[in-house]
There are 2 protein chains.
Amino acid sequence: MRVLALSGGVGGAKLCEGLAAELTSGNLTVLVNTADDFTHLGLSICPDIDTVLYTLSGRASKSRGWGLSGETWQAMDALAELGGESWFRLGDRDLATHLLRSEELAAGASLSEVTLLLAERMGIDARILPMSDDAVRTVVQSNEGDLPFQDYFVRRQCEPEVTGFRFEGLAEATLNPGLRAQLSREPPDLVLICPSNPFVSVDPILQVDDCWRLLGELSAPVIAVSPIVAGLAIKGPAAKMMAELSMPVSAGAVLKHYTSRYPGLLDGFVIDESDATLLPNLQTPGIQVAVEATIMKDREQKRHLARRCLALAKSAAT
Amino acid sequence: MRVLALSGGVGGAKLCEGLAAELTSGNLTVLVNTADDFTHLGLSICPDIDTVLYTLSGRASKSRGWGLSGETWQAMDALAELGGESWFRLGDRDLATHLLRSEELAAGASLSEVTLLLAERMGIDARILPMSDDAVRTVVQSNEGDLPFQDYFVRRQCEPEVTGFRFEGLAEATLNPGLRAQLSREPPDLVLICPSNPFVSVDPILQVDDCWRLLGELSAPVIAVSPIVAGLAIKGPAAKMMAELSMPVSAGAVLKHYTSRYPGLLDGFVIDESDATLLPNLQTPGIQVAVEATIMKDREQKRHLARRCLALAKSAAT
C-alpha cells in the first residue's frame, strides 16, 4: 500500500514512524505543516518538518518530546550570557539542521529541495514534503491580540486565550510543487490525517491551495485519527484551544470540525478505545468510525495504530 | 596614557590584553582588521574582532590559540554528519556570537554598533572598533589562483604559495565612522601597530580610507611591533608569505615593508631580543628601534611588552 500522511509535529510523526515500519520502502509520503515555521536568529526553522525528520531517522529525543536525543545546549547558554534571545531553545546539534537549511535556502534551493536533502542525509526512506514552498504563517488570535505562532506556543507557553487563527500568506501559497504529479503518477491507497492539532497543524495543510479538494478527489479513502483522547490532547494545546473556542473538548468535536470545514473529505475517523462510548453519537453518513488504541508510547504501539489505519483503509476501499 | 592599537588576531589581541591591564579603564581603543571577515553558513563571522573580544574578556582558549575556552563542537559534528561544510570549525559557544551578530546586522545595526554591543555584553572596558563598517575582503593571490582569505587560511591551511594580496571593497570602504571624531576629541598618546600579520592584518587597516595618513598626522608617535622573531612568525603564515614573496624573513623586512608603503608613518619599531644583532642594520632616520622581549606566553609577558611600548612612546614623544 502507498500512504500519503498529513502531519504536524510530535503526534503525527509518531504515527508516521509506525507507517514507515509497516510499509514497503518508498511507499510513505508525509505532507508536513509549515505554518509553524519561522525565522529566528536569522535561521529558517521548521519545527514540524524537523520533528518528522528526527523521528523517522531515529534521532528524536524520547524523553523531551521534541528535538534531538543526546542534545547539548552550549550555544543557547552562551547566547543567554550575551543577552541574546534564548527563549526558543535551539540545541547545538539541532543548530546544524537550521544552519544547513538556511544556507541552502539562501543559495536558492526551495524548502522542498532542502527537506529532501536533509531526509536523504538522515537516511530516511519516506518522502517528506513541506505542504508548500511558500511562507504560510499561523497567527494566533488571542485575548492579548495577534501573536505569531512561536510567540504563542513557545515564548508564552500557550498561555493567552485563543479566539481564532489566521494563516498569513495562505491565499498566495502554492501546494508543494511535486505533490500533484506524484499523486497522479503513484496514487496513494490511503490519505491519513495524523493525530495532529486540527487548528494549527492540519488546517493549514488542508487549506493551502485548496489541498483538501485535491485529496477529496483521489480514489483513496481519507482517514483522520483524533488527537483528542478522553477529553485531553496527548500533547500540545489542542484541548485548551477547543475549550477557549467554546467547543466541546472531544473526539466528536474534532470530527465535526473536519466535516464542517471540509465537507465530503473524510471516509474514516479513528477514535481512541477510551472514547468508545462516544461511538453512537459519531455516526455520520459516509464516514466509518473506528475505535482503536491510538496512544503511541512505544514503537509497537505506533506500528499497531499504523496497521489498524491501513486495515481500515482496505475495508473503506472495498 | 591613551592608546590606539591596530590589531589583527591572536598576536595583536595578546598585546591588547597587556595594554588593557596597564592602562586606566577606558583609555584603550583597538582598531581591528575586518578583511578576514566572511559569511559562512549564513553567519557573519569576524575572526579578528572575535579573537580580540574573547581575549580581552578572558574567554579565549589558552591551549588552542583560537576560539573560546571550554568550547564544544556538537553543532559542527552534527553538520559534518549531515554532509554540511564543517571545515571552518565554529564551536557551539562561539556560534552564539555569530548568531547574535548576524541577527543584529540583519536588523540594521552596523558592525561597529554590534561590536560595541558584544564588547559591553562581555564586560570589556576597551573600545573595540572594526576598521570599517563596509565589507573589505582579502583575496589571496596564489599559485592556485585567487582564494578568498578563509579558503586560503583555514580550508587550505595556508598551503598555496602566495604571490600577492588584493583587498576587495577597499577603494569604496569608509573608515570606522566613530574613529575620526574620537581621535580629535581624545587624541591618543600612542598609536601601536600590534605584532599582527603585516600583509593581511595590518595593511588592510592602514589602507582603508587612507587611514595611515590620518594616523600619521596625529601628534602621537606611531610604533610597530615586529611579528617576525628570529626569522619565524610566532603564529600564522606571515613568515611563509614573506618567503613566497621573495622577501627576507626578518624583522628588518617588516620594517622595510612599513616604511616603503607608509612613508613617514612610523616613529618607533620594536624587535625581539633574539633579533638584537639586527639592530645596526635597522637604523632608519626618524625611527627609534627598540629591542624588547616580544614573545607573550603569559599575562606578565603581555603586560611587560605593553609597558615597554608605553615607555617607548613616552621617550619618542619627548
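**The contact between chain A and chain B**

About 2,300 Å² is buried between chain A and chain B, and carbon and sulfur atoms give 62% of that area. On the chain A side, Leu82(A), Arg93(A) and Leu99(A) supply 30% of the area that this chain buries against chain B, which is more than any other three residues supply. The model is a predicted one, and the contact takes 25 residues from chain A and 25 residues from chain B.

**Symmetry**

- A turn of 180°, with a shift of 0.0 Å along the axis, lays chain A on chain B with an RMSD of 0.0 Å.
- The two copies are therefore related as by a two-fold rotation axis.
- Asp92(A) is the residue of chain A that comes closest to the rotation axis, its C-alpha lying at 3.1 Å.
- Both copies use the same surface, since 100% of the contact residues of chain A recur in chain B.

**Polar and charged pairs**

- Between chain A and chain B there are 2 salt bridges, and one of the salt bridges joins Arg93(B) to Glu81(A), with the closest N and O atoms 2.8 Å apart.
- Polar contacts between the two chains amount to 6 residue pairs, counting those with both residues at pLDDT 80 or more.

**Makeup of the chain A side**

- Helix H3 (74-81), helix H4 (92-106) and helix H5 (111-121) of chain A each supply at least two residues of the side that touches chain B.
- The largest share of that side, 8 residues, comes from H4(A).
- By class, the side of chain A that touches chain B has 12 nonpolar, 6 polar and 7 charged residues.

Note on methods
Residues numbered from 1 in each chain as written. Chains lettered and ligands numbered in written order. Predicted model: local features only at pLDDT ≥ 70, side-chain atom pairs only at ≥ 80, totals over all residues. Heavy atoms only, no water. Contact = heavy atoms within 4.5 Å. Buried area = accessible area lost by both parts, 1.4 Å probe. Salt bridge = Lys/Arg side-chain N within 4 Å of Asp/Glu carboxyl O. Polar contact = N/O pair within 3.5 Å; in protein donor to acceptor, adjacent residues only side chain to side chain. Helix = DSSP H or I, 4+ residues; strand = E, 2+ residues; numbered from the N terminus. Nonpolar A, V, L, I, M, F, W, Y, C, P; charged D, E, K, R; others polar. Least-squares fit on C-alpha atoms with pLDDT ≥ 70 in both.
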